[in-house]
Amino acid sequence: IHDARLEQLTKEMKYGILDLAVELESGEIINVEMQLKDNRNIEERTTFYASKKIVEQIEPNGNYEDLKRVIVIAILDYTLTDLPEFITETVANCDLLISIGGDGTFNEVMTGNLKREKRLILAHIPLGTANDIGVMYGYGKNIINNLKLLMKTGVIKKIDIPIINGS
């Protein structure tokens with residue numbers, strides 16, 4: 001677990017505390033943000049937090065090549081955007097996209113991914129009612145166990161996607 005407080009060089013600077021910050025053995029930092037209410041600022045807030053974690057890494061005479069990736073995971077209890085359009089048109093420079101939700105959420109993510117020229121690797125953490133997709137891959141109802149299973153196995157599996165009436 002990494003220090004979740006963001007560095008504040010002067011008292012006039014914006015202060016923040018991450019919900020959860022984890023530093024991997026590689027030095028990469030994962031920032032997990034959880035938000036129940038849509039305050040209409042999650043994109044700006046996570047950009048600010050990620051930027052601070054990047055700036056904190058470099059010393060005055062440091063090299064930019066030594067900067068480690070900062071990964072942001074936002075767990076939201078509201079709809080952020082139109083998922084298929086977002087996945088198709090907005091997500092760039094991404095190797096893996098993890099969706100968290102029910103079968104409908106995964107369907108929207110998959111729909112957007114199918115429209116992409118370069119497809120993303122997708123992972124899904126079930127958090128819906130039926131969770132048929134999660135059951136198919138051995139996931140249960142416990143989100144922590146599901147995250148551990150995802151991180152532990154890390155196996156890429158291909159699935160068949162039927163197209164009915166052009167969609």
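Strand E4, which covers residues 96-101, helix H3, which covers residues 103-114, and strand E5 together make a right-handed β-α-β unit, and I should say straight away that we are looking at a predicted model. If you follow the two strands of that unit, you will see that E4 and E5, the latter being residues 121-126, run parallel and are joined by 6 bridges. To place one of those partners for yourselves, start at Leu96, whose bridge partner in E5 is Ile121.

Let us stay with E4 for a moment and ask which of its residues lie on the covered face and which on the uncovered one. Leu97, Ser99 and Gly101 make up the covered face, whereas Leu96, Ile98 and Ile100 make up the uncovered one. In a regular strand, as a general point, the side chains alternate between the two faces of the sheet.

Next, please move along to helix H5, residues 143-153, where at the start a side-chain oxygen of Asn142 comes to within 2.9 Å of the backbone nitrogen of Ile144. Just after H5 comes Gly154, which has a positive phi of about 55 degrees.

Finally, the aromatic rings, for which the count comes to 1 pair. The ring centres of Phe48 and Tyr49 are 5.8 Å apart and the ring planes stand at 55 degrees, so this pair is tilted, because tilted is the word for planes that are neither under 30 degrees apart nor over 60. Are these two residues buried or partly exposed? Phe48 is partly exposed, with a relative accessible area of 26%, while Tyr49 is buried, with a relative accessible area of 10%.

Conventions
Residues numbered from 1 in each chain as written. Predicted model: local features only at pLDDT ≥ 70, side-chain atom pairs only at ≥ 80, totals over all residues. Heavy atoms only, no water. Polar contact = N/O pair within 3.5 Å; in protein donor to acceptor, adjacent residues only side chain to side chain. Helix = DSSP H or I, 4+ residues; strand = E, 2+ residues; numbered from the N terminus. Buried < 20%, exposed > 50% of the residue type's maximum accessible area, 1.4 Å probe, protein only. Pairing = 2+ DSSP bridges. Right-handed = clockwise from strand over helix to strand, strands pointing away. Phe/Tyr/Trp six-rings, centres within 6.5 Å; stacked < 30°, edge-to-face > 60°.
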